[in-house]
Amino acid sequence: MAIDTYANLKSTIATYLNRDDLTANIPDFISLTEKRLDRELRVREMVNSDTSITTVSGTQDYTLPTGFIEAISVIFQSDPFVTLPFISNHDFYKKYNSSVSSGSPSFFTIVGDKIKLGVAPDQAVTLQIDFYKEITTLSDSVTTNDILTTYPELYLYGSLAESSPFLMQDERLNVWASLYKEAVNKANESSMKGSSSSPLMMSARMVV
């Protein structure tokens, strides 16, 4: 059976588990796996570009795009465009504060669900944010997504590994956990090799 839909994924997980009493828990295993992938996976299929923010003169803070995980690049679309480097919150507040006059931003940082520009822009300009976005969660109504299509093994082995509280000392758990980690690392490495540039904030991580 191809692991290409939510229903087929659940069926395959049930076959691997071979436990009729865990059928109702399988959607939870999948959901937990998606949250883990949001933390550990960084592949092209998760990359989105948002240009919905138009800066306001004198305003430093803007709400991040929905599903934002991690910035790849932030571009202030002035003439010419300026790619803003990320700096830590500590360094940001050392460089910029309310006493600094507005102008063309030179850096950015992330505070909660906000992107903060330094300095505050002095004109209305489109802010382009290229970022890793949370995985579209699977459900009975959302039957597939790019990650399931490209990396079905991540969903399978991740969900099987999430069954550990129920299987306890089952020797299969170590195998599934190892296969999941290997699959994540290979996906991250493959995506990094196929990218022409590295993210500003984080590079593809190794799952250990």
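Two strands count as paired here if DSSP finds at least two bridges between them. In this predicted model, strand β3 (residues 68-76) and strand β7 (residues 126-133) clear that bar with seven bridges, running antiparallel. Within that pairing, Phe68 sits opposite Lys133 of β7.

**The sheet**

Zooming out, the order β1-β7-β3-β4 gives an open sheet of four strands, with antiparallel pairing. At the edges you'll find β1 (47-54) and β4 (82-84); each has a single partner strand, so one side of each has no neighbour in the sheet. On average, neighbouring strands here are turned by 30° against each other, ignoring direction.

Follow the chain out of β3 and you reach Gln77, in the loop between β3 and β4. Is Gln77 buried or exposed? Neither label quite fits: with 23% relative accessibility, Gln77 counts as partly exposed. Setting aside residues up to four places away in sequence, Gln77 touches Thr51, Val125, Thr126 and Gln128. Its C-alpha is 33 Å from that of Thr150, a residue 73 places away in sequence.

**The cores**

The largest nonpolar core has 33 residues, and Leu17, Leu41 and Ile147 touch the most other members. Helices α1 (6-17), α2 (26-40), α4 (146-150), α5 and α7 (172-193) each put in at least two residues. The largest share comes from α7, with six. Apart from this core lies another one of 16 residues, including Ala71, Val74, Phe76 and Leu127.

As for Leu41, leaving out residues up to four places away in sequence, the list of what it touches reads Met46, Ile147, Leu154, Val184, Ala187 and Asn188. Next door in numbering, Arg42 has its charged end over the ring of Tyr132, 5.6 Å from the ring centre. On the aromatic side, the structure holds four aromatic pairs.

**Helix α5**

Why call α5 largely enclosed by the rest of the structure? Because eight of its 10 residues are buried. Those are Leu154, Tyr155, Leu156, Tyr157, Gly158, Ser159, Leu160 and Ala161, and they pack against α1, α2, α4, α6 (164-167) and α7.

Take Leu156 as an example from this helix, which spans residues 152-161. Leu156 is at 4% relative accessibility, so it counts as buried; the cut-off is under 20%. Beyond neighbours within four places in sequence, Leu156 contacts Ile3, Leu9, Thr12, Ile13 and Tyr16. Phe29 is 127 residues away along the chain from Leu156, yet their C-alpha atoms are separated by 9.6 Å.

**Backbone oddities**

A few backbone angles deserve a look in your viewer. Here are the cis peptide bonds and the positive phi values.

| Site | Feature | Angle |
|---|---|---|
| Asp79 to Pro80 | cis peptide bond | omega about 5° |
| Gly118 to Val119 | cis peptide bond | omega near -5° |
| Asn18 | positive phi | phi near 55° |
| Met168 | positive phi | phi near 55° |

Where do these sit? Pro80 is in the loop between β3 and β4, while Val119 falls in the loop between β6 (114-118) and β7. Asn18 lies in the loop between α1 and α2 and is exposed, with a relative accessible area of 63%. Met168 belongs to the loop between α6 and α7, and its 53% relative accessibility makes it exposed too. Asn18 is a residue other than glycine, and so is Met168.

Notes: Residues are numbered from 1 along each chain as its sequence is written. This is a predicted model: local features need pLDDT of at least 70, side-chain atom pairs count only at pLDDT 80 or more; totals for chains, interfaces and linings use all residues. Side-chain values use heavy atoms; hydrogens and water are left out. Buried means under 20% relative accessible area, exposed over 50%, partly exposed in between (1.4 Å probe, protein chains only). Contact means heavy atoms within 4.5 Å. Axes are lines fitted to C-alpha atoms, for helices over the stretch in contact, and angles run from 0 to 180 degrees between N-to-C directions. A nonpolar core is a set of buried Ala, Val, Leu, Ile, Met, Phe, Trp, Tyr and Cys residues joined through side-chain atoms within 4.5 Å. Rings of Phe, Tyr and Trp (its six-membered ring) pair if their centres lie within 6.5 Å; planes under 30 degrees apart count as stacked, over 60 as edge-to-face and the rest as tilted. A charge sits over a ring if NZ of Lys or CZ of Arg is within 6 Å of the ring centre and within 35 degrees of the ring normal.
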